[in-house]
Amino acid sequence: MSKRIVALFLVMGLTICLCGCQLAKPEGETLSSSDRLVGVFVTREHLDLFDMEGYLQDHIGSFSGGEITIDSAPEYRQRVYATLVKEPFQDSAGQQHFHCNYEFPELDGTILAVYQMGDGEGAYRSSDAGEGFCNVSVQFLETENVICGTLWQALGSGEVCYYLNPVFQTSDGQVYLTAGSGIQTNSDLGGRMTGTLSETYTVTENGQTREESFRAEVTVDFVRPADRVTILQMNEAHQEIGRDVFPAENLPEQYTPAGEAAYLLVEVCSGTEILRQLCQPEDDRFSVFVPLDARLCTEHFTAVNWQDPA
């Protein structure tokens, strides 16, 4: 079985900065041919996983200063292993099951991945999208598996730099990451940038060979988040019959208009800018971009419970 890892970065109307991609491993370990790329762990800081102390201890007699080229010392590049977390839940019949996922509790970041899992009922795939990921899609094709997600960055929040750290899974189910490359631009420029980690490998079974691949694609897009949201209830005569004003962080999960409401006007205020969207009875929800933190936004969906006229 052979394999190759490809890091592809696409950008439209932006400047992109690539830091050298590292496929890290601790001393004495190699990247096994059975280890598969399963996703990406996105951080805002570069993960320094090079074992400098070990390198200096082993080369104290020969090191005379100058630069160390990490690619020339792969045995000192390290992994960070994930913790398997099991969360119990009950199905509709009252039977207890466990939802299993992997976490990197010591790292600050968000994950996008598809794992191979197994239990008493057999093997299955489990996808995971961490906080901040929107528009997540997963495709399982005959020879290619793909997971995609979008991170929404607030316009005007300054320089943007995300590091795409590849996540691997071993044949016995362990999950680990290695340090990855960065994509960088300025949020004042707007636009969109996409980073992709992909792996293509050759599988031989019963004398037949075929190529399979996996791709994890992260898009960073830009939006102006809401400060507050005003919901106007309008009747058939286009008259306002009620309004509610919410700070963006307090938008409800559900909203119930009066029975006389023919439609809603949703006014999204962001600084001095006001955007309006129409929500009609055939629409069961509306969405607004709200701040997740000082830089990142998320798309908040509010379900609309339309009432019959009294």
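Buried means under 20% relative accessible area, exposed means over 50%, and partly exposed lies in between, with a 1.4 Å probe and only protein chains counted. This is a predicted model, where local features need pLDDT of at least 70, side-chain atom pairs count only at pLDDT 80 or more, and totals for chains, interfaces and linings use all residues. Residues are numbered from 1 along each chain as its sequence is written, and side-chain values use heavy atoms, without hydrogens or water.

**Stop 1: the cysteines**

Select Cys297. Cys297 counts as buried, at 1% relative accessibility. Now add Cys134, which holds the closest cysteine sulfur to that of Cys297. The two sulfurs are 9.1 Å apart, so they are too far from each other for a bond. A disulfide is a pair of cysteine sulfur atoms within 2.5 Å. How many disulfides does a search of the whole structure find? It finds zero. Select Cys148 too: it is buried, at 17% relative accessibility.

**Stop 2: the largest core**

A nonpolar core is a set of buried Ala, Val, Leu, Ile, Met, Phe, Trp, Tyr and Cys residues, joined through side-chain atoms within 4.5 Å. The largest one here has 22 residues. Select Val40, Val42, Leu151, Tyr162, Val218 and Val220, which touch the most other members. Next, color the strands. Strands (E, at least two residues) and helices (H or I, at least four) are DSSP runs, numbered from the N terminus. Two or more core residues come from each of β2 (36-43), β6 (110-119), β9 (144-154), β10 (159-169), β13 and β14 (208-223). Which element gives the largest share? It is β14, with five residues.

Zoom in on Val218. Contact means heavy atoms within 4.5 Å. Leaving out residues up to four places away in sequence, Val218 touches ten residues you can pick out by name: Val40, Val42, Leu112, Phe133, Gly149, Leu151, Leu164, Met193, Thr194 and Gly195. Another core, of 17 residues, lies apart from the largest one. Its members include Ala82, Cys100, Tyr102 and Phe104.

Go to Met193. Met193 sits in strand β13 (residues 192-205). Is Met193 buried or exposed? It is buried, with a relative accessible area of 1%. Add Ile183, ten residues away along the chain: the C-alpha atoms of the pair are 8.2 Å apart.

**Stop 3: the salt bridges**

Side chains of opposite charge can pair when their charged atoms come close. A salt bridge is a side-chain nitrogen of Lys or Arg within 4 Å of a carboxyl oxygen of Asp or Glu. The count by this rule is nine. Select Glu144 and Arg215, which meet at 2.7 Å, N to O. Glu144 is in β9 and Arg215 in β14, so this pair ties together parts 71 residues apart in sequence. Glu144 is partly exposed, at 24%, and so is Arg215, at 25%.

Add Glu217, which bridges to Arg215 with the closest N and O atoms 3.7 Å apart. Glu217 is partly exposed, at 22% relative accessibility.

Now select Glu273 and Arg224, a salt bridge at 4.0 Å, N to O. Glu273 lies in β19 (residues 273-279) and Arg224 in the loop between β14 and β15 (228-234), so the pair joins parts 49 residues apart in sequence. Return to Glu144, Arg215 and Glu217: salt bridges with shared partners join them into one network.

**Last stop: the surface**

Select Phe140, in strand β8 (residues 133-140). Phe140 is partly exposed, at 41%.
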